[in-house]
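User: I would like to learn how to read the features of a structural model. Please take me through them in turn.

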Amino acid sequence: MFKIGDKIVYPMHGAGTIDAIEKKEFLGEEKEYFILKMPIGDMDISIPTTKIDEMNIRDVISKEEADKVLKILDEKPSKMSNNWTTRYRQNQEILKEGDIYEIAKMVRNLAILDKDKGLSTTEKKLLNRARRILASELIMAGSLKKEEAEAMIDESIGL
C-alpha cells in the first residue's frame, strides 16, 4: 500500500506525489482517497484507495530507467498502423496501461510521423498528452524541473 510522500504513476494522468490521504463522502458513502499532487498543470487528483490495484497504479521509475526511456526516444520508429483511427485506439490503450517504455515509443513514433506527414488534430492532442505524461515521470524520477524534462524529450525526438 502506498503512503504519503510516495511518488506514483496514475495512467492517463502521469506521475505525482501522494500529498495526503483524506476521507470524503460521495453519494452518502465515506471513502478514503489518496490526494495526488501533479508536477505539471498544478492540479490534484483524488484516487480511491480501494481502486488502486485495478487502476494500474505503480511506483515511478528510477533514474536509471529514465535514462533508458530517453534512449528509446532516440531510436528509429517502430511499425505502426497506417490507419489513423486504428493507431489512435492502439495508442489510447498504451496510455491506459501506463507502461512508460511503450509511452516513450509512442511519443517517438508520433513525433516522427508528425514531422514526416503531419498528424490529425486528435492525434496531435494525444501526442501532447503522452509527452506530458512522459515529462511528469521524468520529473519525478530525476528531480527535474518541468522545463528540463520537456527539453530533454524534445531534444531526443528532434523538436
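User: By how much of a helical turn are tryptophan 84 and tyrosine 88 separated in helix H2?

Analyst: This is a predicted model. Within helix H2 (residues 84-97), tryptophan 84 and tyrosine 88 are four residues apart, which means a separation of about one helical turn.

User: How many aromatic pairs does the structure hold, and what is the geometry of the pair formed by phenylalanine 2 and phenylalanine 34?

Analyst: There are two aromatic pairs. In the pair of phenylalanine 2 with phenylalanine 34, the ring centres are 6.5 Å apart and the planes stand at 75°, an edge-to-face arrangement. Phenylalanine 2 belongs to the segment before E1 and phenylalanine 34 to strand E3, so this pair ties together parts that lie 32 residues apart in sequence. Both phenylalanine 2 and phenylalanine 34 are buried.

User: How are the rings of tryptophan 84 and tyrosine 88 arranged, and are these residues buried or exposed?

Analyst: Their planes meet at 65° and their centres are 6.4 Å apart; the pair is therefore edge-to-face, since planes over 60 degrees apart fall in that class. Tryptophan 84 has a relative accessibility of 37% and counts as partly exposed. Tyrosine 88, at 23%, also counts as partly exposed.

User: How does one describe the packing of two helices, and at what angle do H1 and H4 pack?

Analyst: Packed helices are described by two quantities, the angle between their axes and the distance between those axes. Here, helix H1 (residues 63-74) packs against helix H4 (residues 121-142) at about 145°, with the axes 9 Å apart. The crossing of H1 past H4 is left-handed.

User: Which residues make that contact, and what are their classes?

Analyst: H1 contributes Lys63, Ala66, Val69, Leu70 and Leu73, while H4 contributes Leu134, Leu138 and Ala141. By class, the contact of H1 with H4 comprises seven nonpolar residues, one charged residue and no polar residues.

User: Where does isoleucine 61 lie, and which residues does it touch?

Analyst: Isoleucine 61 is in the loop between strand E5 (58-59) and H1. Leaving aside residues up to four places away in sequence, isoleucine 61 touches Ala66, Val69, Ile100, Glu137 and Ala141. Ala66 and Val69 of H1, together with Ala141 of H4, also take part in the helix contact. The relative accessibility of isoleucine 61 is 8%, so the residue counts as buried, the limit being under 20%. From isoleucine 61 to glutamate 148 the C-alpha distance is 17 Å, and the two are 87 residues apart in sequence.

User: What sign does phi have in most residues other than glycine, and what is phi of methionine 12?

Analyst: Phi is negative in most residues other than glycine. Methionine 12 has a positive phi, near 80°. Methionine 12 is in the loop between strand E1 (7-10) and strand E2 (14-26), and its relative accessible area of 24% makes it partly exposed. Leucine 27 likewise has a positive phi, of about 55°. Leucine 27 is located in the loop between E2 and strand E3 (29-37), and leucine 27 counts as exposed at 78% relative accessibility.

User: Where is confidence lowest and where is it highest in the protein chain?

Analyst: Predicted coordinates should not be read in detail where pLDDT is low. In this chain the lowest confidence is in helix H5 (residues 146-157), with a mean of 85, and the highest is in helix H3 (residues 100-116), at 95. The protein chain averages a pLDDT of 91, and 99% of the residues score at least 70.

Key:
Residues are numbered from 1 along each chain as its sequence is written. This is a predicted model: local features need pLDDT of at least 70, side-chain atom pairs count only at pLDDT 80 or more; totals for chains, interfaces and linings use all residues. Side-chain values use heavy atoms; hydrogens and water are left out. Axes are lines fitted to C-alpha atoms, for helices over the stretch in contact, and angles run from 0 to 180 degrees between N-to-C directions. Helices (H or I, at least four residues) and strands (E, at least two) are DSSP runs, numbered from the N terminus. A crossing is left-handed if the near helix is turned anticlockwise from the far one by less than a right angle, and right-handed if clockwise. Contact means heavy atoms within 4.5 Å. Ala, Val, Leu, Ile, Met, Phe, Trp, Tyr, Cys and Pro count as nonpolar, Asp, Glu, Lys and Arg as charged, and the others, Gly among them, as polar. pLDDT is the predictor's confidence in each residue, from 0 to 100. Buried means under 20% relative accessible area, exposed over 50%, partly exposed in between (1.4 Å probe, protein chains only). Rings of Phe, Tyr and Trp (its six-membered ring) pair if their centres lie within 6.5 Å; planes under 30 degrees apart count as stacked, over 60 as edge-to-face and the rest as tilted.
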